[in-house]
Amino acid sequence: MKKAFIIGIGGQDGSYLSEYLLELGYEVYGIVRRNSVCEHQESRVSHLDGRIKTFYGDLLDISSIEKVLRDVMPDEIYNLAAQSHVRISFDIPQFTTQVNALGVLNLLESYKQICPKARFYQASSSEMFGEILTKKQNERTPFNPRSPYAVSKVFGHFIVKNYRESYNLFAVSGILFNHESPLRGETFVTRKITRAVGRIYHKLQTKLTLGNINAERDWGFAGDFVEAMWLMMQHNKPEDWVVATGKSISVKEFLKKSFEYVNLDAEEYLLISDKYFRPNEVNFLQGDPEKIKKELNWDPKVKIDDLVKMMV
């Protein structure tokens, strides 16, 4: 029976990946951070109690990573941990960089020394493409990051590539475009919108305040995207992969679809605030998933209208 170790198991992707791996017969282990607000970050995986094993730890505490790796000796390591909110990265750039860049380096060093035969997955991000240089972004598109989050992710991406080439490790990065679900954090725009729709429909809320509603993103379903993570870890050689639907819509269109699902007009409830604009905007991202579709036979199953319906 294979063992998988998930850093960031308490997040949206960690929950879906845990379920997926359990269905495949894996033993699943994960690290959660101690938090003063709630005892630990496990609410998204609480339904898996007794089926997974979690440990306290932190990417910035290399000793905690080393201890778990020695105890578990995993076959596969998935690094899904990050300070993942782009807007907030402008407010806390140092912390964002520590977690998303130095945290990855800590993890790679531990992995290289303790279980170098394991396979390693790094969660890279479409935000690394930033101010786009091509209409669609694929594995050959140059990065042009526009936020502290994106810059930190570029470091994480390239340090994984460096360790792969320097130490002959099976280390891959999935460059995932936006992927959403009902488990998405409430500060992310898709969840903020769909949660507001429910609250407005039930008269618990009167207005929804957003920032740049003209930004366009390639949105897929997190449950589909974790399958892509697993597939790239089973490939015969370590490579980097773009994971996307290949289609983009604007925040405004997502908003309209969400309110229409309950027969409401979004414009009646929408407010725009400068507070939610980023200092440096990325206005358009659209992935080109040709490589992963062709070589790994991956294809997203959930379309954008189904995703909106699910989240509302």
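Helices and strands here are DSSP runs, numbered from the N terminus. With that in hand, let's walk through this predicted model.

**Stop 1: Confidence**

Colour the chain by pLDDT to begin. The mean over the protein chain is 95, and 97% of its residues reach 70 or more. Now select residues 36-41, where pLDDT stays under 50. The model does give this stretch nine contacts beyond four places in sequence. Where pLDDT is low, though, the predicted coordinates should not be read in detail.

**Stop 2: The sheet**

Switch to a cartoon view and find the open sheet of seven strands, paired in parallel. Moving across, you will meet them in the order β3-β2-β1-β4-β5-β6-β11. Select β3 (52-56) and β11 (241-243): these stand at the edges with a single partner strand each, so one side of each has no neighbour in the sheet. From one strand to the next, the twist averages 20°.

Next, pick residues 119-125 (β5) and 170-176 (β6), parallel strands joined by seven bridges. Which residue of β6 is the bridge partner of Gln 122? Click across from Gln 122 and you land on Ser 173. Then add residues 148-167, helix α5, which packs on the sheet and touches both β5 and β6. The direction of α5 makes about 155° with that of β5.

**Stop 3: The nonpolar cores**

Show side chains for Leu 21, Tyr 78, Tyr 121 and Met 232, the residues with the most contacts inside the largest nonpolar core, which has 58 residues. Helix α7 (residues 222-234) gives the most to this core, with nine residues. Centre on Leu 21 and look beyond its neighbours within four places in sequence: its contacts are Ala 4, Ile 6, Tyr 26, Val 28, Tyr 78 and Trp 230. Afterwards, select Phe 5, Tyr 29, Leu 59 and Leu 69, which are included in a second, separate core of 25 residues.

**Stop 4: Ser 181**

Finish in the loop between β7 (179-180) and α6 (189-201), where you will find Ser 181. Is Ser 181 buried or exposed? Its relative accessible area is 0%, so Ser 181 counts as buried. Two distances are worth displaying from its side chain. One is a polar contact of 2.9 Å with the side chain of Gln 12; the other leads to the backbone nitrogen of Leu 183, also at 2.9 Å. Setting aside residues up to four places away in sequence, Ser 181 touches Gln 12, Tyr 16, Phe 221, Ala 222, Leu 307 and Met 311.

Terms used:
Residues numbered from 1 in each chain as written. Predicted model: local features only at pLDDT ≥ 70, side-chain atom pairs only at ≥ 80, totals over all residues. Heavy atoms only, no water. Helix = DSSP H or I, 4+ residues; strand = E, 2+ residues; numbered from the N terminus. Buried < 20%, exposed > 50% of the residue type's maximum accessible area, 1.4 Å probe, protein only. Polar contact = N/O pair within 3.5 Å; in protein donor to acceptor, adjacent residues only side chain to side chain. Contact = heavy atoms within 4.5 Å. Pairing = 2+ DSSP bridges. Axes fitted to C-alpha atoms, helices over the stretch in contact; angles between N-to-C directions. Core = buried A, V, L, I, M, F, W, Y, C linked by side-chain atoms within 4.5 Å. pLDDT = per-residue confidence, 0-100.
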